[in-house]
Amino acid sequence: MTPSVAQNPKKAVTASLLKKPVFYAIAILLIGHFVLIILTFRDYGMCWDQPGLHRYGQAVVRFYTSFGRDTSVRHDDLKLYGGFFEIATNAIQSLTHLGWLEARTLSSALFGLLGIWTAFRLGALTFGPIVGLTAALFLSLTPTYYGHEFINPKDIPFAALYLLSVRYIVQISLDFPDLRWSISTKAGLAIGATLGMRAGGVILFLVLFGGLGVSLLLNINARRSRILVWKLLTRGLPHSMAILIIAWLIMLLSWPFAWKVHYGIPFFRAPFVALAEFANYPWNGSVFFDGQLIRWNELPRTYLITLFANCLPEFILAGWVLGLAALLKLCYLRRKVPKAPMLSGVILFTAGAAPIAVIRIGHAPLYDNFRHVLFALLPLIVLAAAGVWAFLKSFQNESVRHVCVILYVLAMATTIADMRALHPYEYTYFNHLVAGGMEQANQRFEMEYWGTAFREAAIWLKEYYRPPGVSEIVYDTNALQEMTDYFMEQAPPEGMKFRHPSDGEKVNVYLLFRRGNQLTEPAFGRIVHTIKREGVPFLDIVEM
């Protein structure tokens, strides 16, 4: 058998993972994260998308349990999204007997945990176990990721499955030309599940083919090109086709829209039709960015970069800078980077940067901060972890190393304190170094844009709002009724009734979500309570 870029990487990684300190550390991190999920998943509210996605999920399940006879799902507004998560959360709800929202929250959080485990495995595979551990720690302490784990059933499962697919693509590229069917099968399953979440997963095939191409180029110096090209045709092509077939089958088993005939071709064109429609999504809203409301199609090209710099914790931004410094030093000293880390780094950077570039070049609608490209950040966070250790390795000065360690501990401790103060709105986090903290960021950027504060408002009303001589409270909101009603109907208070107004009826209390008006207080009624974190108001309870 001929050697590949990475000599038996699976055995090397497995041996490395058996080192007790790293094994115990990742076990503690994952178990601790799981315990946090179990203890806190009920604390989170309902985002804008949950009611519609829940109804869509029920239609998806009916489609498959009726063997395609119930086609109501094809008329759903959300049919362009895959149903993989909907099928998974339906299974979890059946097993746990939780309410539909709690089951979705728990399912999404477990996908988030899968992403953290995958970050560890990917980092360990590409740069060593200590980088894998650091990548998992970085991801678990990224407030945007952590907060979205509990409230975002579209982007978090897709991000976790996307990273899992990248992990197997990297493995295949490192193994080439000695490919293994077990890894290719896992890659097909992972990519298929990713496609079963969102059509954007098709970019993974380009990452796969690109990874094999780069692996071919890196091996040419050590072998005759004809042998490698022959290996690519006789090994690489069959494995790639197998991955494609497995992935497409999994997609078909989780996305009813994929069964529809598009332009005369069944089972094939659905992802491309969906991507075309997403690129022209008719969202006509405005985004509060850089201190002003801007229509989405007028946002500057620096929108995503600005948000990355302001919303990501300082230790991730520093990881990218330190990694770049280490790379520049290697170039200056004209030292060669080993082939395996080079190949892995190229694939991870491509998997992260390419989707962002495509979205920006294609002028796809962007809003709600950077949640739509959250998946692309995960490979880049693994690179940030690698960057830290590459810097420490390239600079042998002990004083520099000690300073880096101290600064990193302080930065992560500060982020943990911020996440605790923001709970359960961790996703609204802005850093201190660039954004200047939450109160300053509130002057420039959207904060609680998904309406999850209605849960806390509903609980406050039921527990504390007791006007004298009143036994029935008429309330209304400026959001979907389900976002409040779901929690109002849980454990209703004795002696007090809450309901929505009839046509033309005056309300007693109005729940005002501040999105789009976060810098101004309501010009009507009297504020009796405000839901806020770190001095930033999210929602006002206004007595009329």
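Visitor: How do helix 16 and helix 17 pack?
Guide: Helix 16 (residues 374-394) and helix 17 pack at an angle of about 155°, with axes 9 Å apart. Axes are lines fitted to C-alpha atoms, for helices over the stretch in contact, and angles run from 0 to 180 degrees between N-to-C directions. Helices (H or I, at least four residues) and strands (E, at least two) are DSSP runs, numbered from the N terminus. This is a predicted model: local features need pLDDT of at least 70, side-chain atom pairs count only at pLDDT 80 or more, and totals for chains, interfaces and linings use all residues. Residues are numbered from 1 along each chain as its sequence is written, and side-chain values use heavy atoms, with hydrogens and water left out.

Visitor: Parallel or antiparallel?
Guide: Helix 16 and helix 17 are roughly antiparallel. Angles under 35 degrees count as roughly parallel, over 145 as roughly antiparallel, 65 to 115 as roughly perpendicular and the rest as oblique.

Visitor: Is that crossing left-handed or right-handed?
Guide: The crossing of helix 16 and helix 17 is left-handed. Left-handed means the near helix is turned anticlockwise from the far one by less than a right angle; right-handed means clockwise.

Visitor: Which residues make the contact?
Guide: Helix 16 gives Val 388, Phe 391, Leu 392 and Lys 393, and helix 17 gives Val 400, Arg 401, Cys 404 and Tyr 408. Contact means heavy atoms within 4.5 Å. By class, the contact of helix 16 with helix 17 has six nonpolar, no polar and two charged residues. Ala, Val, Leu, Ile, Met, Phe, Trp, Tyr, Cys and Pro count as nonpolar, Asp, Glu, Lys and Arg as charged, and the others, Gly among them, as polar.

Visitor: Cys 404, then. Buried or exposed?
Guide: Cys 404 counts as buried, at 13% relative accessibility. Buried is under 20% relative accessible area, exposed over 50%, partly exposed in between (1.4 Å probe, protein chains only).

Visitor: How many disulfides are there?
Guide: Zero. A disulfide is a pair of cysteine sulfur atoms within 2.5 Å.

Visitor: Why no bond for Cys 47?
Guide: The closest cysteine sulfur, in Cys 311, is 18 Å from that of Cys 47, too far for a bond. Cys 47 is also buried, with a relative accessible area of 0%.

Visitor: Back to helix pairs. What about helix 5 and helix 6?
Guide: Helix 5 (residues 100-127) and helix 6 (residues 129-140) pack at about 150°, axes 6 Å apart. Helix 5 and helix 6 are roughly antiparallel too. Their crossing is right-handed. Among the contact residues are Gly 115, Ala 119 and Gly 123 of helix 5, and Gly 132, Ala 135 and Ala 136 of helix 6. By class, the contact of helix 5 with helix 6 has eleven nonpolar, four polar and no charged residues.

Visitor: New topic. Where are cis peptide bonds?
Guide: One joins Phe 176 and Pro 177, with omega about 10°. Pro 177 lies in the loop between helix 8 (155-175) and helix 9 (181-195). Another runs from His 423 to Pro 424, with omega near 0°. Pro 424 lies in the loop between helix 17 (398-422) and helix 18 (438-441).

Visitor: Which residue in the loop between helix 4 and helix 5 has a positive phi?
Guide: His 97 has a positive phi of about 60°, although it is not a glycine. His 97 sits in the loop between helix 4 (84-96) and helix 5. His 97 is exposed, at 69% relative accessibility.

Visitor: And what is phi at Asp 290?
Guide: Phi of Asp 290 is near 55°, also positive in a residue other than glycine. Asp 290 is in the loop between strand 3 (286-289) and strand 4 (292-295).
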